[in-house]
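Work through the exercises below with the sequence and the 3D view side by side. Try each task before reading its solution.

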Amino acid sequence: MFLLVLTGPRMLLTSLENLIQSPFVVFVNDLLGLAGARRTEELSGPLEFETDLVTLVGDARAIISLEAMADGLVARGEVVAPVLFRCNRCLVRWQEDANAEVVLVFGEAVDDEIHPIGRDGAIDLEPFVRDELCLSLPLAPLCSDSCLGLCQTCGTDLNRRPCSGHPDANESPFAALRGFLGPEID
Ligand SMILES: [Zn+2]
Ligand SMILES: [Zn+2]
């Protein structure tokens, strides 16, 4: 009796900690062992991801359907998040939703394909949702396939107007110096 009293609150505490840790943790106790039983979860929360050209700028939203199998469950669904992109050529920024699909198997016989279910019946979808979303993003986003980029010399955005031109760098009297003194000299 004493043990039961002790275990109860501790399990509850673990569960609450998981909930606080990630909005992408789901408890699946109600499905385990009931092959064919299914439920849909709507999850949303921040995911950390940022590179020079791609930043998640709002909560990711995932709709995941959970379906129990004899020895585990399948989580399947879609994640969507607002992303701020910067063009790899002209540096213009724009915001657009990115989305990705996830199909994951959770179970007891854990291997590369089967992910673990916590002792409290929790599965943590966050790393998978984040990875799939990141994999869906371009490494070098372009505002348009035909983006003309910036003039390498003066920085003019060539999508807006043409650069008026520069003396050929190789004919410039400083060209020979560049080789010795590095790119600081202009
Ligand atoms: Zn561009
Ligand atoms: Zn120029």
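Helices (H or I, at least four residues) and strands (E, at least two) are DSSP runs, numbered from the N terminus. This is a predicted model: local features need pLDDT of at least 70, side-chain atom pairs count only at pLDDT 80 or more, and totals for chains, interfaces and linings use all residues. Residues are numbered from 1 along each chain as its sequence is written, and chains are lettered from A and ligands numbered from 1 in the order in which they are written.

**Exercise 1. Take stock of the fold and its confidence.**

Step 1. Count the elements. The protein has three helices and eight strands. Their order from the N terminus is α-β-β-β-β-β-β-β-β-α-α.

Step 2. Check the confidence. pLDDT is the predictor's confidence in each residue, from 0 to 100. Its mean over the protein is 85, and 79% of the residues reach 70 or more. Residues 1-8 have a pLDDT below 50, and beyond near neighbours in sequence this stretch has zero contacts in the model. Two residues are in contact if their C-beta atoms, placed from the backbone, lie within 7 Å. Residues 182-186 also stay under 50, with four contacts beyond four places in sequence.

Step 3. Look at contact range. Among contacts with a separation of 6 or more, 58% come from residues 24 or more positions apart.

**Exercise 2. Trace the strand pairing around S5.**

Step 1. Set the criterion. Two strands pair if DSSP finds at least two bridges between them.

Step 2. Start with S6. Strands S5 (residues 72-86) and S6 (residues 93-107) run antiparallel, joined by 15 bridges. Val-79 has Ala-100 as its bridge partner in S6. Val-74 stands opposite Val-105 in S6.

Step 3. Move to S4. Nine bridges join S4 to S5, again antiparallel. The hairpin between S4 and S5 passes through two residues. Met-69 faces Gly-72 of S5 as its opposite.

Step 4. Add S3. Strand S3 (residues 54-56) runs antiparallel to S5, with three bridges. Here Val-54 stands opposite Phe-85.

Step 5. Go on from S6 to S7. Strand S7 (residues 114-116) is joined to S6 by three bridges, and these two run parallel. Gly-107 stands opposite Pro-116 in S7.

**Exercise 3. Find the residue with a positive phi in the S5-S6 hairpin. Is it buried or exposed, wholly or partly?**

Step 1. Locate the hairpin loop. Six residues lie between S5 and S6, and Leu-91 takes a positive phi near 70° there.

Step 2. Compare with the usual case. Most residues other than glycine have a negative phi. Leu-91 is not a glycine, yet its phi is positive.

Step 3. Classify it. A residue is buried if 20 or more other C-beta atoms lie within 10 Å of its own, exposed if 12 or fewer, and partly exposed in between; C-beta atoms are placed from the backbone. Leu-91 counts as partly exposed because it has 13 C-beta neighbours inside 10 Å.

**Exercise 4. Split helix H2 into its two sides.**

Step 1. List the buried residues of H2. They are Phe-128, Val-129 and Leu-133. Seen down the axis of H2, they fall within an arc of 125° (taken from the directions from the helix axis to the C-beta atoms), so they line one face of the helix.

Step 2. Find their partners. These buried residues pack against strand S4 (60-69), S5 and S6.

Step 3. Turn the helix over. The face away from the buried side carries the exposed residues Pro-127 and Leu-135. Pro-127 counts as exposed because it has 12 C-beta neighbours inside 10 Å. Its C-alpha is 8.9 Å from that of Phe-24, 103 residues apart in sequence.

**Exercise 5. Map the largest nonpolar core.**

Step 1. Define it. A nonpolar core is a set of buried Ala, Val, Leu, Ile, Met, Phe, Trp, Tyr and Cys residues joined through C-beta atoms within 7 Å.

Step 2. Pick out its hubs. The largest core has 28 residues, and Ala-60, Ala-62, Ile-123, Leu-125 and Val-129 touch the most other members. Strand S1 (25-27), S4, S5, S6, S8 and H2 each give two or more residues to this core. S5 gives the most, with six.

Step 3. Inspect Ile-123. This residue is in strand S8 (residues 122-124). Ile-123 counts as buried because it has 22 C-beta neighbours inside 10 Å. Beyond four places in sequence, its contacts include Val-26, Ala-75 and Phe-106.

Step 4. Inspect Ala-60. Beyond four places in sequence, its contacts include Val-79, Val-129 and Leu-133.
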